[in-house]
Amino acid sequence: MPLNNRSKGSPFPLIGFVLLCLLAPLIFFFASSLHTASSDHNDISDVTSQQASKWREQKAIHDLTSLFPKEVFDVIMSSTNDMGPLSLENFRNHLSASWRVVGSKTSNATYQLNQPETHVSQEKQKEKEGRSSVALPQWNDSPVKLARRQLIEKRMAKRAAELVKQDDEVIVKLEDFAIERSKSVDSAVLGKYNIWRKENENENDSTVRLMRDQIIMARVYLSIAKMKNKLDLYQELQTRLKESQRALGEATSDADLHQSEHEKMKAMGQILSKAKDQLYDCKLVTGKLRAMLQTADEQVRGLKKQSTFLSQLAAKTIPNGIHCLSMRLTIDYYLLPPEKRKFPKTENLVNPSLYHYALFSDNVLAASVVVNSAVLNAKDPSKHVFHLVTDKLNFGAMNMWFLLNPPGKATIFVENVDEFKWLNSSYCPVLKQLESTTMKEYYFKAGHPTTTGASNLKYRNPKYLSMLNHLRFYLPQVYPKLDKILFLDDDIVVQKDLTGLWAVDLHGKVNGAVETCGESFHRFDKYLNFSNPHIAKNFDPNACGWAYGMNMFDLKVWKKKDITGIYHKWQNLNEDRVLWKLGTLPPGLMTFYGLTHPLNKSWHVLGLGYSPSIDRTEIENAAVVHYNGNMKPWLEIAMTKYRPYWTKYVKYNHPYLKNCKLSEWSG
């Protein structure tokens, strides 16, 4: 029964199981064969493609070698290799610092660049270990590449050195040129204007500046139009140019212009625009502007020379009013009876216990200011004695003025230098030289080749011919009974009591004077010719200069040191003017070398005749102010801001001054 029972069951499950066991290996084997065949086919395709690519590369290299020599081919290959493998991964890992994204938190490149160097190295090592199946791109420098790099670096270094050297040479040349040009510029020229200075810029004067610029460009295009035969444009430019020049005139600010001038400015702008369209050529315009600049520079130089010449000429002249005053006083003096021509208190002239002044002048008005200012500021005028020496021409005028206008309780006496019989050519070297033919030719022959130019005109001033200018070296001979004397120039003004000067200890020196030198100016080498052996071996070129104009002289020490003899020695050596040019300061520096005691600078302030930048407080605190220079206070060329210090001591209400039309601003 059991057997029968089993035979009654379905046979299909058993058959299915048997078939599955037999077919499964066959299916697996067949699928595996298919995958292997597919993989082999792909491998064969890759190999075939690589072989074709390699063949094409070899063919291209062969063609290049046939076209170029080996050296060129090596350079091409090394240049190609310099580029390196171009891949995004390489770009990310070697990102330049200039490509960093500031503040970005998502950029791996930025993150890596901002990390410490050790951390970056660790990250790179981890990447190498984690991606062992991916080979990182690497390459090595070939000998050709290294040689090329070294050659390029050498050339770059050489070129850089050449450029630096050229730049240095150009800078040195420009600096030398600027220094040479600055030497030719007179720094004492008054009213000098520089358009590049900020303080001279005024936004309200833009119209004037624009019109000036238009005139310049109109001149440029006018020249180019004529050169290119553009006659119609030339005529139009010329017309507009004349209109603008007339409109501008002497205007220095927009306020000086008339309202109608703006229309002329617009018309000029239109014609300039038209000229630019037709004529503009950068090289040509630049050349014209350069030529105009050079011409303007030459004109400025010429005008500066002319200005210097005229200022020197003006300094030599005597205003008509002062000439009139001198003539009227002279006539009236000689109309006086002899008994009325005498000054009182002549006994004071030889009293060594009084305060004595020496004043040598041929200018009546200037001498009156010196005496008047000294007396008005003296604490006790009765102790002051003025010794005034003038020439024969002005002797009567000086006497008449001070007879009519006595200096209060002070004593004054006027002498004539031409009556000093001891002062002759046999004793005085200057007089002997003035009588020589060469000196007469130097002073009086027109067009002398060695004396042309404004600079030499300064030393040809007639004052250097007058013995009044050289009398300062003969003080003991003029005043043999005095022990001390204060020498004053006639272009000074006394503002304080000067009696304190007689109490100054000169420490055995002859001359008490205010020094004028600073760090590098007004030293001996400015006045003396140190290329001459007589000068070079006897004097220090850096020795400090001092000023004539207010000098305390100890006449006792003068006689003991034979100062006049020293002066004669140097004056004889300078007969041909090889030691110094004309004047009295250079021989004074030599004569009193080592014998000058420096006084406090507040005693004597200089420069009011040439320097516009003297501090007002310094002037007002000075005992004596000195108008040394060409711009004397009695001349029209005087500086206005300094003139009141002088005019306050002039009696403009005096009948003689009124008759000669001398007023405060007449000059």
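These exercises work through disulfides, one histidine and a helix pair in a predicted model.

**Exercise 1.** Find how many disulfides the whole structure has, and describe the link of C324.

Solution.
- The search of the whole structure gives 2 disulfides.
- In one of them, C324 is joined to C660, with an S to S distance of 2.2 Å.
- The torsion about this S-S bond is about -75°, so the disulfide of C324 and C660 is left-handed.
- C324 sits in helix α12 and C660 in the segment after α26, so the bond ties together parts 336 residues apart in sequence.

**Exercise 2.** Is C660 buried or exposed?

Solution.
- The relative accessible area of C660 is 7%.
- Buried means under 20%.
- C660 is therefore buried.

**Exercise 3.** Describe the disulfide of C517 and C544, then place H522 beside these cysteines.

Solution.
- The sulfur atoms of C517 and C544 are 1.7 Å apart.
- The S-S torsion is -110°, and the link is left-handed.
- C517 lies in the loop between β6 and α19, and C544 in the loop between α20 and β7.
- Both C517 and C544 are buried.
- H522 is also placed in the loop between β6 and α19.
- H522 touches C517 and C544, among others.
- H522 has 21% relative accessibility, so H522 counts as partly exposed.

**Exercise 4.** At what angle do α13 and α14 pack, and which residues meet?

Solution.
- The angle is about 40°, and the axes are 10 Å apart.
- That makes α13 oblique to α14.
- The crossing is right-handed.
- V364, A367, S368 and V371 of α13 meet A397, M398, W401 and F402 of α14.
- By class, this contact has 7 nonpolar, 1 polar and no charged residues.

Terms used:
Residues are numbered from 1 along each chain as its sequence is written. This is a predicted model: local features need pLDDT of at least 70, side-chain atom pairs count only at pLDDT 80 or more; totals for chains, interfaces and linings use all residues. Side-chain values use heavy atoms; hydrogens and water are left out. Axes are lines fitted to C-alpha atoms, for helices over the stretch in contact, and angles run from 0 to 180 degrees between N-to-C directions. Helices (H or I, at least four residues) and strands (E, at least two) are DSSP runs, numbered from the N terminus. Angles under 35 degrees count as roughly parallel, over 145 as roughly antiparallel, 65 to 115 as roughly perpendicular and the rest as oblique. A crossing is left-handed if the near helix is turned anticlockwise from the far one by less than a right angle, and right-handed if clockwise. Contact means heavy atoms within 4.5 Å. Ala, Val, Leu, Ile, Met, Phe, Trp, Tyr, Cys and Pro count as nonpolar, Asp, Glu, Lys and Arg as charged, and the others, Gly among them, as polar. Buried means under 20% relative accessible area, exposed over 50%, partly exposed in between (1.4 Å probe, protein chains only). A disulfide is a pair of cysteine sulfur atoms within 2.5 Å.
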